[in-house]
Amino acid sequence: MNDAGRNQGRYKVIMLDQDNRQADRLGKWLKERFHVGGLIATQDAPVWQNDEPDAVLAPQLAALDGALSQNDLSFSPALRYALAPAPDALRRLRQHEGAAPGALAVLCPENEAHLTTLAAKALEHGFRLATRETDRTDLAILPVDLSQMRRVHVLSAREGRVSFQAGASWTDLSAAATACRLAVPDVLRDQYPTPETAILSGFLPCERQETAAGIVTAYETTLPPAGTRWLERLWLFTDGLAASQSFERFCRTRSPVFAQLISAPMLELCALTGHYALPVRLDRTKPVHGLRLVFQGPTLDVSCAAFAASWPLESAWGKQWNRPLPPLSNVTDRLFEAGATVVTKRASANWDTLTQARRRHAGDLEEAASNWPSTMKITPLTADIVKYVDRALSLITSVFAPRDYLAPLDQWQAIHDAGQMGGRSDAVSIAEPPEPAADFSEESPEWQAIRNALLDENGSLRPLQTDGDFKTVDRRHG
């Protein structure tokens, strides 16, 4: 590897830097919560991973590429990172650490017939297509990019029935719906960036699906008439119990089209990453919890519903604060840059067991993160979001911990696997960190020197030294 390639990897040290106050504030907060005081971050992996397919898949992939047209198979790294069959946080971690994408290539069909043809060709050459249920990294499974399939067809303007392909955007759906005097949601784009994600979550009703080669290619839904409005409101509470009770009472008695209970650590992370501004008038010495509601109906109806909701919520000391929340992917990216690893567990829930499920899921992930062997004794941080949509509850629990910069992907996978088991497990209680994967290339002499400078002979972090470019961290403040 040439010098330019070797210089792509570099450590990132959390330090006081007047030119990057936002990163410094987040880094100091993470060190305080994690109970660590020194180096907690790497910006890229300290080794370079070979991105070439193995000896078995290389000729198969070359043969498939030769059997398809030029634009049928994409080797774009951005597409391969984004569409690999793996959880979103793992895909982002691989990209951040400079590891190879979890997919060798991406199939790019233009329509259903083309997709069927590509699927048959792929199967002939020993590859399968990734479906929505595929959640593991297998290089013999090729993801499919449906972004070219964006057709929207109004089946019945009177009944509001619309069919759209999986690659359609909100702009595509709105253009067709507006022409027929139908309404399309204009809120929650941070939650549902495409109509397909809104369908999968239940925010939009799904009445029928179309498939080709085992891939869902189109959906049929019913849109309300023009004049329907979606109104979003957010209330903040310094009392977590009041927020939980208000959330449950409102959902069970009024059944909003969408509701979220956002835990205090998640809101604080949104603020510390620079994506959200919390009001200064609240008592910031106490944790701030969020209750997000979306009302749907005619303009007058939703305005009255939001006004009526404000009475019981403000009686429980909730304060309305209608600032748009950021996509969680933006928060995750900023946490990766600050040296944290993020693992998320999603599960369905019900009212009777919600409180116990929140504690159990947090405990499972915290234990898995704490059991990961490292040179630092850490205290993981957990945060959750309870979502109510389509009259169903779901629980999204995330754990944040300092990233193991020698084995970041193995650390993420171990915590994820323990959390998915749904119970306390010794699965990650291993004696020492695993060796790098076999397809990692040899570590360069430059990185060996950096490693020796950062770690002593016992593998412990050396004290952070002061030089002309770096400033030492004041440990009295985290």
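Me: Which residues of helix 5 meet which residues of helix 12?

Reply: From helix 5 come Asp88, Ala89, Arg92, Leu93 and His96, and from helix 12 Ser329, Asp333, Phe336 and Glu337; contact here means heavy atoms within 4.5 Å. By class, that gives three nonpolar, two polar and four charged residues. The classes are fixed: Ala, Val, Leu, Ile, Met, Phe, Trp, Tyr, Cys and Pro are nonpolar, Asp, Glu, Lys and Arg are charged, and the others, Gly among them, are polar.

Me: Before we go on, what sort of model is this, and how are residues numbered?

Reply: It's a predicted model, where local features need pLDDT of at least 70 and side-chain atom pairs count only at pLDDT 80 or more, while totals for chains, interfaces and linings use all residues. Residues are numbered from 1 along each chain as its sequence is written, and side-chain values use heavy atoms, with hydrogens and water left out.

Me: Back to the helices: what makes helix 5 oblique to helix 12?

Reply: Helix 5 and helix 12 (residues 328-337) pack at about 40°, with axes 11 Å apart. Angles under 35 degrees are roughly parallel, 65 to 115 roughly perpendicular, over 145 roughly antiparallel, and the rest oblique. About 40° is in none of the named ranges, so helix 5 is oblique to helix 12. The axes are lines fitted to C-alpha atoms, for helices over the stretch in contact, with angles of 0 to 180 degrees between N-to-C directions.

Me: Which hand does the crossing of helix 5 and helix 12 have?

Reply: Right-handed. The rule is that the near helix is turned clockwise from the far one by less than a right angle; anticlockwise would be left-handed.

Me: Why is helix 9 called oblique to helix 11?

Reply: The axes of helix 9 (residues 240-254) and helix 11 (residues 299-315) come within 11 Å and cross at roughly 140°. That angle again lands in "the rest", so helix 9 is oblique to helix 11. The crossing of this pair is right-handed. Ser246, Phe250 and Arg254 of helix 9 make the contact with Ala305, Ala308, Ala309, Pro312 and Leu313 of helix 11. These residues divide into six nonpolar, one polar and one charged.

Me: How many aromatic pairs does the structure hold?

Reply: Eight. Rings of Phe, Tyr and Trp (its six-membered ring) pair if their centres lie within 6.5 Å; planes under 30 degrees apart are stacked, over 60 edge-to-face, and the rest tilted. Among them is the pair of Phe203 and Phe258, with 6.3 Å centre to centre and 80° between the planes, which is edge-to-face.

Me: What does the Phe203 and Phe258 pair tie together?

Reply: Phe203 is in the loop between helix 8 (195-201) and strand 7 (208-212), and Phe258 is in strand 10 (residues 258-262), so the pair links parts 55 residues apart in sequence. Both Phe203 and Phe258 are buried; the cut-offs are under 20% relative accessible area for buried, over 50% for exposed, and partly exposed in between (1.4 Å probe, protein chains only).

Me: What makes the Phe307 and Trp311 pair edge-to-face?

Reply: The centres are 6.0 Å apart and the planes are at 85°, so the edge-to-face label fits. Phe307 and Trp311 sit four residues apart in helix 11, or about one helical turn.

Me: How do you know whether Phe307 and Trp311 are buried or exposed?

Reply: Phe307 has 54% relative accessibility, which puts it among the exposed residues. Trp311, at 55%, is exposed as well.

Me: Why does Gly102 count as buried?

Reply: Its relative accessibility is 3%, under the 20% cut-off, so Gly102 is buried. Gly102 lies in the loop between helix 5 (88-97) and strand 2 (106-107). Leaving out residues up to four places away in sequence, Gly102 touches Arg80, Ala84, Pro85, Arg94, Thr137 and Leu139.

Me: And what is phi of His35, and is His35 buried or exposed?

Reply: Phi of His35 is near 60°, a positive value in a residue other than glycine. His35 lies in the loop between helix 2 (21-34) and helix 3 (57-67), and a relative accessible area of 55% makes His35 exposed.

Methods
Helix = DSSP H or I, 4+ residues; strand = E, 2+ residues; numbered from the N terminus.
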